[in-house]
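Colleague: I have a model open and some questions about it. Shall we go through them together?

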Amino acid sequence: MASAARASVDVFSGREPPNWALSADESRALREAVDALPAGTRPLPDVGLGYRGFTVTWADGAKATVYRDVVELAVGGRTQLREDASRAVEERLLLGSKAHLDPELFTVVASQVQAAQP
(Lines give C-alpha, C1' and ligand atoms only; values in the text may rest on other atoms or scores of the structure.)
Protein backbone atom coordinates (compact mmCIF):
# COMPACT_ATOMS: atom_id res chain seq x y z
CA MET A 1 0.00 0.00 0.00
CA ALA A 2 1.23 3.46 -0.86
CA SER A 3 2.24 5.80 1.90
CA ALA A 4 2.50 9.57 2.04
CA ALA A 5 4.14 11.24 -0.90
CA ARG A 6 5.62 14.47 -2.17
CA ALA A 7 5.12 15.85 -5.65
CA SER A 8 7.19 18.34 -7.58
CA VAL A 9 7.12 19.97 -10.98
CA ASP A 10 10.35 20.17 -12.96
CA VAL A 11 10.24 23.53 -14.64
CA PHE A 12 13.32 25.46 -13.54
CA SER A 13 16.94 25.06 -14.49
CA GLY A 14 19.43 25.48 -11.68
CA ARG A 15 16.78 25.83 -8.97
CA GLU A 16 15.02 23.34 -6.75
CA PRO A 17 11.68 22.36 -8.23
CA PRO A 18 8.60 23.53 -6.36
CA ASN A 19 7.29 20.63 -4.28
CA TRP A 20 4.40 19.88 -1.98
CA ALA A 21 3.08 17.10 0.23
CA LEU A 22 0.18 14.98 -0.95
CA SER A 23 -2.51 13.97 1.50
CA ALA A 24 -2.77 10.28 2.36
CA ASP A 25 -5.84 9.99 0.12
CA GLU A 26 -4.16 11.82 -2.78
CA SER A 27 -1.05 9.70 -2.37
CA ARG A 28 -2.98 6.43 -2.36
CA ALA A 29 -5.21 7.42 -5.30
CA LEU A 30 -2.26 8.56 -7.36
CA ARG A 31 -0.33 5.36 -6.70
CA GLU A 32 -3.35 3.27 -7.65
CA ALA A 33 -3.75 5.29 -10.87
CA VAL A 34 -0.08 4.79 -11.78
CA ASP A 35 -0.18 1.08 -10.92
CA ALA A 36 -3.26 0.63 -13.12
CA LEU A 37 -1.60 2.07 -16.23
CA PRO A 38 -0.64 -0.40 -18.96
CA ALA A 39 3.00 -1.13 -19.65
CA GLY A 40 4.63 1.21 -22.11
CA THR A 41 7.67 1.06 -24.33
CA ARG A 42 8.56 4.71 -24.93
CA PRO A 43 11.06 6.31 -22.54
CA LEU A 44 10.66 9.80 -21.14
CA PRO A 45 11.74 12.26 -23.84
CA ASP A 46 14.66 14.63 -23.43
CA VAL A 47 12.78 17.93 -23.57
CA GLY A 48 15.45 20.48 -22.70
CA LEU A 49 14.35 23.69 -21.00
CA GLY A 50 10.94 24.58 -19.59
CA TYR A 51 8.36 22.17 -18.27
CA ARG A 52 9.85 18.68 -17.97
CA GLY A 53 7.13 16.92 -16.02
CA PHE A 54 6.03 16.04 -12.51
CA THR A 55 7.75 13.74 -10.05
CA VAL A 56 6.07 11.94 -7.18
CA THR A 57 8.12 10.27 -4.46
CA TRP A 58 6.33 8.04 -1.97
CA ALA A 59 7.63 7.39 1.53
CA ASP A 60 8.29 3.74 0.61
CA GLY A 61 10.87 4.92 -1.94
CA ALA A 62 8.77 4.45 -5.08
CA LYS A 63 9.14 7.28 -7.55
CA ALA A 64 7.10 8.20 -10.62
CA THR A 65 8.18 10.70 -13.24
CA VAL A 66 5.30 11.87 -15.39
CA TYR A 67 5.60 13.72 -18.67
CA ARG A 68 2.70 13.87 -21.07
CA ASP A 69 1.62 10.28 -21.78
CA VAL A 70 4.73 8.57 -20.39
CA VAL A 71 5.13 7.52 -16.76
CA GLU A 72 8.40 6.08 -15.51
CA LEU A 73 7.86 4.23 -12.24
CA ALA A 74 10.84 3.13 -10.13
CA VAL A 75 10.02 0.65 -7.38
CA GLY A 76 12.44 -1.52 -5.43
CA GLY A 77 15.35 -0.92 -7.81
CA ARG A 78 13.32 -1.74 -10.92
CA THR A 79 12.14 0.84 -13.44
CA GLN A 80 8.97 0.31 -15.42
CA LEU A 81 7.54 2.38 -18.25
CA ARG A 82 3.80 3.01 -18.29
CA GLU A 83 1.58 4.51 -20.93
CA ASP A 84 -1.06 7.06 -19.96
CA ALA A 85 -2.81 7.72 -23.27
CA SER A 86 -5.37 10.04 -21.68
CA ARG A 87 -2.69 11.85 -19.68
CA ALA A 88 -4.93 11.49 -16.62
CA VAL A 89 -2.03 11.22 -14.17
CA GLU A 90 -0.39 14.39 -15.49
CA GLU A 91 -3.73 16.20 -15.39
CA ARG A 92 -4.34 15.04 -11.81
CA LEU A 93 -0.93 16.34 -10.77
CA LEU A 94 -1.48 19.62 -12.57
CA LEU A 95 -4.81 20.18 -10.81
CA GLY A 96 -3.28 19.22 -7.47
CA SER A 97 -0.41 21.65 -7.97
CA LYS A 98 -2.69 24.67 -8.28
CA ALA A 99 -2.98 25.15 -4.51
CA HIS A 100 0.80 24.94 -4.07
CA LEU A 101 2.30 26.92 -6.94
CA ASP A 102 2.54 30.65 -7.40
CA PRO A 103 -0.45 31.58 -9.64
CA GLU A 104 1.81 32.88 -12.40
CA LEU A 105 3.92 29.72 -12.35
CA PHE A 106 0.80 27.56 -12.35
CA THR A 107 -0.43 29.39 -15.48
CA VAL A 108 2.88 28.74 -17.25
CA VAL A 109 2.93 25.06 -16.30
CA ALA A 110 -0.75 24.60 -17.21
CA SER A 111 -0.23 26.17 -20.63
CA GLN A 112 2.72 23.86 -21.34
CA VAL A 113 0.87 20.76 -20.10
CA GLN A 114 -2.17 21.61 -22.18
CA ALA A 115 -0.20 22.68 -25.27
CA ALA A 116 0.16 19.13 -26.50
CA GLN A 117 -3.25 17.76 -25.49
CA PRO A 118 -4.65 15.50 -28.19
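Modeller: This model is predicted: local features need pLDDT of at least 70, side-chain atom pairs count only at pLDDT 80 or more, and totals for chains, interfaces and linings use all residues. Residues are numbered from 1 along each chain as its sequence is written, and side-chain values use heavy atoms, without hydrogens and water.

Colleague: How far apart are the centres of the positive and negative side chains?

Modeller: Lys and Arg count as positive, Asp and Glu as negative; His and the chain ends are not counted. Each charge is placed at NZ of Lys, CZ of Arg, CG of Asp or CD of Glu. The protein has 13 positive and 16 negative side chains. The centres of the two sets lie apart by 2 Å.

Colleague: In what pattern do helices and strands follow along the sequence?

Modeller: Helices (H or I, at least four residues) and strands (E, at least two) are DSSP runs, numbered from the N terminus. The protein has three helices and six strands. Their pattern is β-β-α-β-β-β-β-α-α.

Colleague: Which element gives the most to the largest nonpolar core?

Modeller: Such a core is a set of buried (under 20% relative accessible area, 1.4 Å probe, protein chains only) Ala, Val, Leu, Ile, Met, Phe, Trp, Tyr and Cys residues joined through side-chain atoms within 4.5 Å. The largest one has 29 residues, and Phe-54 and Val-109 have the most contacts (heavy atoms within 4.5 Å) inside it. Elements giving two or more residues include β1 (5–9) and α1 (24–36). The top contributor, with five residues, is α3.

Conventions. Buried means under 20% relative accessible area, exposed over 50%, partly exposed in between (1.4 Å probe, protein chains only).
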